[in-house]
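Student: I should like to see how the terms applied to a structure follow from their criteria. May we go through them in turn?

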Amino acid sequence: MSTLDSGVAGRLAARTEAVRTGVWRLLFGDRVGLALFLCGLCFFGLYWRLGIYITDGSAIANTLVNVADGRVVLTEVPYGSGLEAPGTYIGSDGPVGRNYGIVALAVPVLYVLQGLGAVLDLGVVLIGGWSLALLGAVTTVGRLVDREWVVVGGSVAAVFAFLANVAFATPVAPTLYPILALQIVGMVAAALSGVFCYRLVARLHGRRIGVAAGAAVLVATPIAFWAALLKRHSFTVLCIAAALYALARSRTASESAETRRFRALAYVPVALLAWIHAAEALLLFVPLVVVDFATADANDRRTLAVIAGTFTLSLAPFFLTNLLVAGSPVEPPRMLPSYGAMEGLDLSGGGGGGGLLTTVPLVGGLLRIVTRFVALLAEGAVVALTEPGRWFRTFLRGGYIPAVASEDGFQAIRLTVLESAPLLAGLTAAPVAAGLWLRERGRAAVGSHLQSAAGVVDTVALATGVLFVCLFLPRLPLHAQVTVRYLHPLFLLGVYGLARLPAVRSAVTANWRTTGLAYGGTVLIGGQLVVIALAAIQPGLGEAVQFHALLALATATVLAVWAVARTLSETVSGRAGAVVLGAAAGVGTIFVLLSGIEYFSYAGEFALPVVRWFSAALPLA
Amino acid sequence: MNLGSNVPAVAAALILVGTLASGPLALADRPAEQTGTIGTGSVAVSEVRLPETATLQQGQFGEESYYLEVPDATVVFERLEGRPILTYKLAIDGLEYSRESAFFLGPDTGDRMQLSLERDELSPETVQNDSYAGVLRVIDRTGEESRVVAERNVTVQVRR
């Protein structure tokens, strides 16, 4: 290539290189981040089913089909019950969809898929893409740990996986392409959530615990479950993770220009989240803006201008979309009257007059939104404080709830937060740790801690989590949730909280290998034991899901006891904690894998044909 | 030669070439059209074995729904032409319940076939008795009119 190195080509190459490193550093940070990203994608690919899992997916796929043709209004509705599909609204010029932010990201992916599908067998392309991701993952990991056998063995395995899958590849219908595009951006968002969790925790407490936290988000929580299932939740989690990371960077920066830049950057994911789900963006925005400005070293005019400018600019797609969809820049799709049956967050206040808001002046409209929103949150807070049963059924043990199960086909296929991520049981020690900290350092230390990077992120994370609970708890428990997906951000925030606990941190970093072995052992050996046990029981879908729930609760109890004991006394073994943490993460992974490969395999044909064979070979009903 | 740096490149090349080759290969590998329309032809059955009982078993681990399980039926064919359709149906009048599963026969079908009904869930509120009377049928649904091939009264036992 050196013969081409003339002046122009050289400058162009340098420019491309600069852009490439820029994007690379923005998304992954370093090679560890890249390794986590690729490992996450490969993991999600294992149970990637090409199709729509719950009915809500139809509306967003319909939206994509139309946006890809250059329309915000839905004139072509090939999926689900067409315009009746939940998530379709009455816009100013006709029926519209929602989650336009996700749709916009999926459009270029759809074009690429259509292009590739025109000349190649798309089934093989997907297998090739997955195999290349696997190759990239093993190469990156192998070089990071400096083990040549990982690189060589992994490369051979990737080629073998490619050949084995291609041998059974089946054609992919072009009608599936829009769904695939949405699934791909969803998986990328979920994988990046893990990367940003790693970067956030690594920034505060070092790489090792950062990797553990990032990996836990990717493989041990419902974030993995929903990665490819056409819902917005992965994006919500990603935006929160990215905002918290930028916030942490702004507080650890050495120069004021860098502080300013990262403070401004923290608001970009908030704006993008607004484009996807405006109400959820508010839940992140309010704590962020309050805590950020209250704890910043300087809120001078220039800083204000940079932050306000960046935020407004990043909100442009949101305003523009609303203008096209609803005729008003501050009226997101979800505030429009629903076309069919209502699902999700109803901010429209009873539906009806869709044009009402547009006729009210902008300020009046905003005021109404804020009032309605505060009322919803207040209602949630009241419910949270007065209905302990709802807490219990949402966070601890669900089981069979007649009103919910009747909507889930009379099956108890709904888990609680703890049942779907037993790892979060470690958070039981958080109040204990906080109490001890207070007794040791006194109330005077609280102020300075809240100003620190960790303190700032803690406050925003906690407040955002509480607000999410307030907004959604009144509607929970609910059907079609499986893992309480409305509270999806809690899984990210929970893992972050775990990594902040000194007991957990020291146990994992000091017993790195034990943690990994416990996790691997739980997944590989424990997973087989679970399959054997279930094969003997021959459970129905609900029984299998509840079996996992009980298994998770058992592990969670042990973890909670250990975390509290270790926080109270240093004499409690850290190694034991590493084992319990690894096992709890493993139990989460087993559910994600078995649910994806076996219990909910009806969501579509597997992207990897070998998994189809494996799914059929598993002796479970 | 540095193995660690060359192997991934070779592997990537292999995967890419394999992917690119899929276009032309897929064109050459179009499946042949199936002959005959589903739901035409005829079937004559010499023997049908239907189970005596079915069960409604309450779930475990906190799942309170009842799983309705019906053993398989065996059908022995005397003669089979075209692509006829048989269905296996359970009706429980006391629960106002019925469930039917279709089987598409054709040249690949052997001289006998197991007909199965997938497990179904019933809500705990609906299941009150200790047993219910049901009827199992094998129905020939080829063509316009359907014809009951075999019928048997079964006891659906409730287990809690």
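Student: In this predicted model, which residues of strand β7 (residues 112–115) of chain B form the covered face, and which the uncovered one?

Tutor: Met113(B) and Leu115(B) make up the covered face of β7(B), whereas Arg112(B) and Gln114(B) lie on the uncovered one.

Student: What makes strand β4 (residues 73–83) of chain B a partner of β7(B)?

Tutor: Pairing requires at least two bridges. Four bridges join β4(B) to β7(B), so the two strands pair, and they run antiparallel. Within this pairing, Thr74(B) has Gln114(B) of β7(B) as its bridge partner.

Student: Why is Cys197(A) said to be in no disulfide?

Tutor: A disulfide needs two cysteine sulfur atoms within 2.5 Å. By this rule the count over all chains is zero. For Cys197(A), the nearest cysteine sulfur belongs to Cys239(A) and is 15 Å away, so the criterion is not met. Cys239(A) is likewise in no disulfide, with the sulfur of Cys197(A) as the nearest, 15 Å away.

Student: Why are Cys197(A) and Cys239(A) called buried?

Tutor: The cut-off for buried is under 20% relative accessible area. Cys197(A) has 1% relative accessibility and therefore counts as buried. Cys239(A), at 8%, therefore counts as buried too.

Student: How confident is the prediction for chain A, and where is the pLDDT below 50?

Tutor: The mean pLDDT of chain A is 91, with 95% of its residues at 70 or more. Over residues 342–360 of chain A, however, the pLDDT is below 50, although this stretch has 42 contacts in the model beyond near neighbours in sequence. Where pLDDT is low, predicted coordinates should not be read in detail.

Definitions and conventions:
Residues are numbered from 1 along each chain as its sequence is written. Chains are lettered from A and ligands numbered from 1 in the order in which they are written. This is a predicted model: local features need pLDDT of at least 70, side-chain atom pairs count only at pLDDT 80 or more; totals for chains, interfaces and linings use all residues. Side-chain values use heavy atoms; hydrogens and water are left out. Buried means under 20% relative accessible area, exposed over 50%, partly exposed in between (1.4 Å probe, protein chains only). pLDDT is the predictor's confidence in each residue, from 0 to 100. Contact means heavy atoms within 4.5 Å.
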